[in-house]
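Welcome! Get your viewer ready and keep the selection panel at hand. We will go from one stop to the next.

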Amino acid sequence: MLNSRQGLVIAIDGPSGAGKSSVAKEVARRLGYLYIDTGAMYRAVGLRALQQNPELNEPQVIAAIAASSRIELKDSQGQLRVFLDGEDVSEAIRAEPISQAASIVSSLSEVRRVLVNAQQRLGAHGAVVMEGRDIGTKVFPDADLKIFMDASEHTRARRRQEDNVRRGKTISLQEMLSEIRERDQRDSQRADSPLIQTEDAIYLDTSEMSLEEVIQQVLRLAKERQGATMQNQVGI
């Protein structure tokens, strides 16, 4: 809780394309908090796993990769940079094949244990905005503020398609929809830490909201939660 932390732990969970990364990054910046993109950590493992085991069919090899890899998240002029064993892989991990690989490796319990421990260490002192798919359920079940961010399938597919276009990748909306559905099914049905909304998480449908509207909503919730937490501390 806040009395043993330097600030709130804000957990933002949700499916692919809901807008978690953009929102979490900007909310963290405005609050002066640390932004932790847990998905980038799984993507980094997925990238290395594809290089060593292209079929992704050897769980023990992938688990060993996760345990031995040095993954660092660094801020560079307001941009998150991801380093894998000292190499900047920030752009490489955003390729669509890596997204699919990340979903596969994240379903492995051995990999999740390694990365969840790392994520808990990163956020132990609070003042963090952490986004992913199991932050409120597994990484920080006692997070001060939990948000489950969602959007319609079509909206999420369109957003992912636009992201790919900005990176020079061409993919049809139908192909993106298919990948979104496959990813949703894998994330929600995996045995270890499936994607679910906790009872104490605030559901936020961003389908018809602008990025700024979502950011303002999360900032308002954070302000309310911090005020309530401070009142509880002084016994008001």
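What should the 17 residues of helix α8 span at 1.5 Å a residue, and how far apart are its end C-alpha atoms? Bear in mind that this is a predicted model. Select residues 173-189, which make up α8, and place a distance label between the two end C-alpha atoms. The expected span is 24 Å and the end C-alpha atoms are 24 Å apart, so the two agree.

Stay with α8 and colour its buried residues: M176, L177, I180, R183, D184, R186 and D187. Now bring up α4 (96-105) and α7 (153-166), which are among what covers those buried residues.

Next, select S90. You will find S90 in the loop between β5 (87-88) and α4. Is S90 buried or exposed? Its relative accessibility is 6%, and because buried means under 20%, S90 counts as buried.

Show the neighbours of S90 as sticks. Leaving aside residues up to four places away in sequence, S90 touches L80, R81 and V82. Two of these neighbours deserve a distance label:

- R81: its side chain makes a polar contact with the side chain of S90, at 3.3 Å.
- V82: its backbone nitrogen lies 2.8 Å from a polar atom of the S90 side chain.

Time to switch on a surface and look at the pockets. Rolling a probe the size of a water molecule over the atoms shows where empty space is left.

Begin with the largest pocket, which holds about 1100 Å³ of space. To centre your view on this pocket, select S21, S22, R94, D163 and R167, the residues nearest its centre among the 45 that line it. The elements that each give two or more residues to this lining are α1 (20-31), β2 (34-37), α2 (38-52), β4 (79-84), α4, β6 (128-132), α7 and α9 (211-234). Colour the lining by class and you should get 19 charged, 14 polar and 12 nonpolar residues.

Then move to the second largest pocket, with about 510 Å³ of space. Which residues lie nearest the centre of this second largest pocket? They are L34, Y35, L73, K74 and L80, out of 25 lining residues. Two or more lining residues come from each of α1, β2, α3 (59-68), β3 (71-76), β4 and α5 (109-123). Coloured by class, the lining of the second largest pocket shows 15 nonpolar, seven charged and three polar residues.

For a last view, keep L80 selected: L80 is one of the residues nearest the centre of the second largest pocket, and S90 touches L80.

Conventions: Residues numbered from 1 in each chain as written. Predicted model: local features only at pLDDT ≥ 70, side-chain atom pairs only at ≥ 80, totals over all residues. Heavy atoms only, no water. Helix = DSSP H or I, 4+ residues; strand = E, 2+ residues; numbered from the N terminus. Expected span 1.5 Å × (residues − 1). Buried < 20%, exposed > 50% of the residue type's maximum accessible area, 1.4 Å probe, protein only. Contact = heavy atoms within 4.5 Å. Polar contact = N/O pair within 3.5 Å; in protein donor to acceptor, adjacent residues only side chain to side chain. 1 Å grid on protein atoms, 1.4 Å probe; cavity = no way out; pocket = protein on both sides within 12 Å on 5 of 7 lines; lining within 4 Å. Points joined across faces, edges and corners; volume = space filled by probe spheres on them. Nonpolar A, V, L, I, M, F, W, Y, C, P; charged D, E, K, R; others polar.
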